[in-house]
Amino acid sequence: MPIRPDLPAQPELGAPVAAPHESPDTLRLLALRRSTPVAILGDPGPPQEDLDALLRLALRAPDHRKLEPWRVLVFEGEARNDLGDIFAEAQLACAPDTDADSLAAARMLALRTPVVVAVISSPVDDPKQTPVWEQELSAGAVCQNLLIAANAAGWGAVWLTEWPAFDVNVARALGLSERERFAGFIHIGTPQQAPLERQRPDLANKVRRWRGRS
């Protein structure tokens with residue numbers, strides 16, 4: 001069974017925090033990190049107290065100038081049915097002739113896992129002109145933190161967008177402003193089987209060590 005996160009208390013503002021230290025378990029988790037395909041995620045999902053602990057970890061993301069340019073919506077239980085209805089309504093708004101099977105498939109996007117977390121990129125006006133792109137990257141870091149925290153606590157999780165993340169009707173129904181957009185939907189649950197390893201990048205093809213311009 002997944003563990004209940006036993007976390008240190010949130011440090012007080014300005015308090016010293018632990019210096020970097022060796023953590024073989026963290027390195028092993030990253031070395032073997034694998035998103036769990038949504039098709040093999042099922043019940044149960046983390047209860048509210050445990051999910052709150054995971055979200056606390058997720059929000060400790062890199063955030064230049066402490067702008068907090070993101071927010072989170074959590075869908076559990078019956079709320080997922082409402083989210084599914086929003087997806088179906090958005091599908092129908094884009095294609096009024098959508099058949100019943102396609103509408104059911106749109107609804108199912110919200111019901112595949114017991115917990116769905118929408119991470120919303122919410123850039124702010126910064127007098128120091130922190131670029132919006134930099135703020136959006138911070139929202140992506142929240143998504144990755146949540147994946148790692150969920151895995152470390154024993155849950156399966158996957159970061160998806162799919163068409164609802166880019167649909168204006170979904171955004172409007174969920175209260176996003178014109179400046180906001182979905183960084184992703186994080187689906188969390190219990191793996192029903194072990195995921196298989198996927199193709200990984202070859203460092204030789206992706207990494208170059210800068211030797212100067214000569």
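In the predicted model, the residues of helix α3 that are buried are Arg80, Leu83, Gly84, Ile86, Phe87, Ala88 and Ala90. The cover over these buried residues of α3 includes the strands β2 (70-76), β3 (115-121) and β5 (181-191), together with the helices α4 (100-108) and α6 (168-173). Helix α3 itself runs over residues 79-94, and because a helix is expected to advance 1.5 Å a residue, its 16 residues should span 22 Å, a value with which the 23 Å between its end C-alpha atoms agrees.

Enclosed space was examined next. The structure holds two cavities of 30 Å³ or more, and the largest cavity contains about 50 Å³ of space. The lining of the largest cavity is made up of Leu83, Phe87, Leu109, Ala110, Arg112, Val116, Thr161, Glu162, Pro164, Phe185 and His187, and the elements that give two or more residues to this lining are α3 and β5. Two of the lining residues, Leu83 and Phe87, also appear among the buried residues of α3. By class, seven residues of the lining of the largest cavity are nonpolar, two are polar and two are charged.

The second largest cavity holds about 30 Å³ of space, and its lining consists of Asp63, His64, Leu67, Pro69, Thr130, Glu134, Gln135 and Ser138. In the lining of this second largest cavity, four residues are polar, two are nonpolar and two are charged.

Open pockets were considered separately from the cavities. The largest pocket has a volume of about 860 Å³, and among the 20 residues that line this pocket, Leu7, His21, Thr26, Leu57 and Arg60 are the closest to its centre. Two or more residues of the lining of the largest pocket are given by each of the helices α1 (24-31), α2 (48-58) and α5 (132-152), with α5 providing the largest share, four residues. The lining of the largest pocket comprises 13 nonpolar residues, four polar residues and three charged residues.

The second largest pocket has a volume of about 420 Å³, and of the 16 residues that line this second pocket, those closest to its centre are Gln10, Leu13, Leu59, Arg60 and Glu68. Arg60 is thus listed both for the largest pocket and for the second largest pocket. In the lining of the second largest pocket, eight residues are nonpolar, six are charged and two are polar.

Key: Residues are numbered from 1 along each chain as its sequence is written. This is a predicted model: local features need pLDDT of at least 70, side-chain atom pairs count only at pLDDT 80 or more; totals for chains, interfaces and linings use all residues. Side-chain values use heavy atoms; hydrogens and water are left out. The expected span of a helix is 1.5 Å times one less than its number of residues. Buried means under 20% relative accessible area, exposed over 50%, partly exposed in between (1.4 Å probe, protein chains only). Contact means heavy atoms within 4.5 Å. On a 1 Å grid over the protein atoms alone, a cavity is a set of points where a 1.4 Å probe fits but cannot get out, and a pocket is an open set with protein on both sides within 12 Å along at least five of seven lines; lining residues have an atom within 4 Å of a point. Grid points are joined across faces, edges and corners, and a volume is the space filled by probe spheres set on the points. Ala, Val, Leu, Ile, Met, Phe, Trp, Tyr, Cys and Pro count as nonpolar, Asp, Glu, Lys and Arg as charged, and the others, Gly among them, as polar.
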